[in-house]
Amino acid sequence: MAIEKKKYCLNCGTVIQGRIDKKFCDDQCRNTHNNQQKSFSTNYIRRVNHRLKKNRNILESIIPTGEELAKTTRDRLVRDGFQFKYFTHLYETKKGNIYYYCYDFGYLGLEGDWYLVVKGKEV
Ligand SMILES: [Zn+2]
């Protein structure tokens with residue numbers, strides 16, 4: 001005999017009658033919940049993409065036209081709205097230096113509060 005345990009609808013919180021593997025009281029609750037989850041994910045992804053692109057554009061703006069790299073300070077990056085926690089990938093050199101990339105632009109932390117910003121190749 002199965003142990004009876006109270007289950008609550010993930011959408012409205014009502015106690016669910018019937019099968020133990022049910023998560024929602026009805027199809028409407030299931031649909032509402034799934035749509036909310038989906039739009040939460042979509043908004044989150046959109047927000048992260050936006051921040052990544054903004055970071056990338058800030059890095060691009062630091063390198064003078066026609067050049068491949070430039071040095072800048074943490075202050076300037078932060079002032080421009082750069083958010084260090086968002087990056088697309090890492091690149092580690094043989095020496096063990098780690099470049100953080102936002103798409104095709106990357107940066108490397110230098111001594112003090114300095115950063116080297118580089119225009120990357122397609123990875
Ligand atoms: Zn419900």
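**Entry 1. Terms and model**

I take two strands as paired if DSSP finds at least two bridges between them. I note that the model is predicted. With that criterion I looked up β4 and β5, which are joined by 5 bridges and run antiparallel. I found Phe105 opposite Lys119 of β5.

**Entry 2. Inventory**

I listed the secondary structure of the protein and obtained 2 helices and 5 strands. Reading from the N terminus, I recorded the order of elements as α-β-α-β-β-β-β.

**Entry 3. Overall dimensions**

I next looked up the extent of the protein. Along the principal axes, the C-alpha atoms fill a box of roughly 70 × 30 × 25 Å. I compared the radius of gyration with that of a compact globule: for 123 residues such a globule would have a value near 14 Å, but the protein has 24 Å. I also noted that 15% of the 123 residues are buried. Of the contacts between residues at least 6 apart in sequence, 37% join residues at least 24 apart.

**Entry 4. Helix α1**

I asked what distance separates the end C-alpha atoms of α1. The helix covers residues 27–62, and its end C-alpha atoms are 53 Å apart. At 1.5 Å a residue, its 36 residues should span 52 Å, so the two values agree.

I then looked for the buried residues of α1 and found Asn55, Arg56, Ile58, Leu59 and Ile62. I recall that an α-helix has 3.6 residues a turn, so residues three or four places apart point the same way. Among the elements that cover the buried residues of α1, I recorded β1 (69–73) and α2 (74–80). The cover also includes the strands β3 (98–102), β4 (105–109) and β5 (114–119).

**Entry 5. The sheet**

I asked in which order the strands of the sheet stand. The sheet is open, has 5 strands in the order β1-β5-β4-β3-β2, and its pairing is antiparallel. I placed β1 and β2 at the edges; each has a single partner strand, so one side of each is left without a neighbour in the sheet. On average, and with direction ignored, neighbouring strands of this sheet are turned by 30° against each other.

**Entry 6. Two hairpins**

I followed β2 (residues 89–92) to β3 and found 4 bridges, with the strands antiparallel. His89 has Tyr101 of β3 as its bridge partner. The hairpin of β2 and β3 has 5 residues between the strands, and I noted that Gly96 there takes a positive phi near 95°.

I then followed β3 to β4, which pair in the antiparallel sense over 3 bridges. Here the bridge partner of Tyr101 in β4 is Gly106. I have thus recorded Tyr101 with a bridge partner in His89 and with another in Gly106. The hairpin of β3 and β4 has 2 residues between the strands, and Tyr103 in its turn has a positive phi of about 60°.

**Entry 7. Leu77**

I chose one residue of α2, Leu77, and asked whether Leu77 is buried or exposed. I counted 20 other C-beta atoms within 10 Å of Leu77; a residue with 20 or more is buried, so Leu77 is buried.

Leaving aside residues up to four places away in sequence, I found that Leu77 touches Ile58, Thr72, Phe82 and Tyr115. Of these, Ile58 is one of the buried residues of α1. Finally, I looked up Leu77 and Leu116, which are 39 residues apart in sequence and 11 Å apart in space, C-alpha to C-alpha.

Methods
Residues are numbered from 1 along each chain as its sequence is written. This is a predicted model: local features need pLDDT of at least 70, side-chain atom pairs count only at pLDDT 80 or more; totals for chains, interfaces and linings use all residues. The expected span of a helix is 1.5 Å times one less than its number of residues. A residue is buried if 20 or more other C-beta atoms lie within 10 Å of its own, exposed if 12 or fewer, and partly exposed in between; C-beta atoms are placed from the backbone. Two residues are in contact if their C-beta atoms, placed from the backbone, lie within 7 Å. Axes are lines fitted to C-alpha atoms, for helices over the stretch in contact, and angles run from 0 to 180 degrees between N-to-C directions. The radius of gyration is taken over C-alpha atoms; the globule rule is 2.2 Å times the number of residues to the power 0.38.
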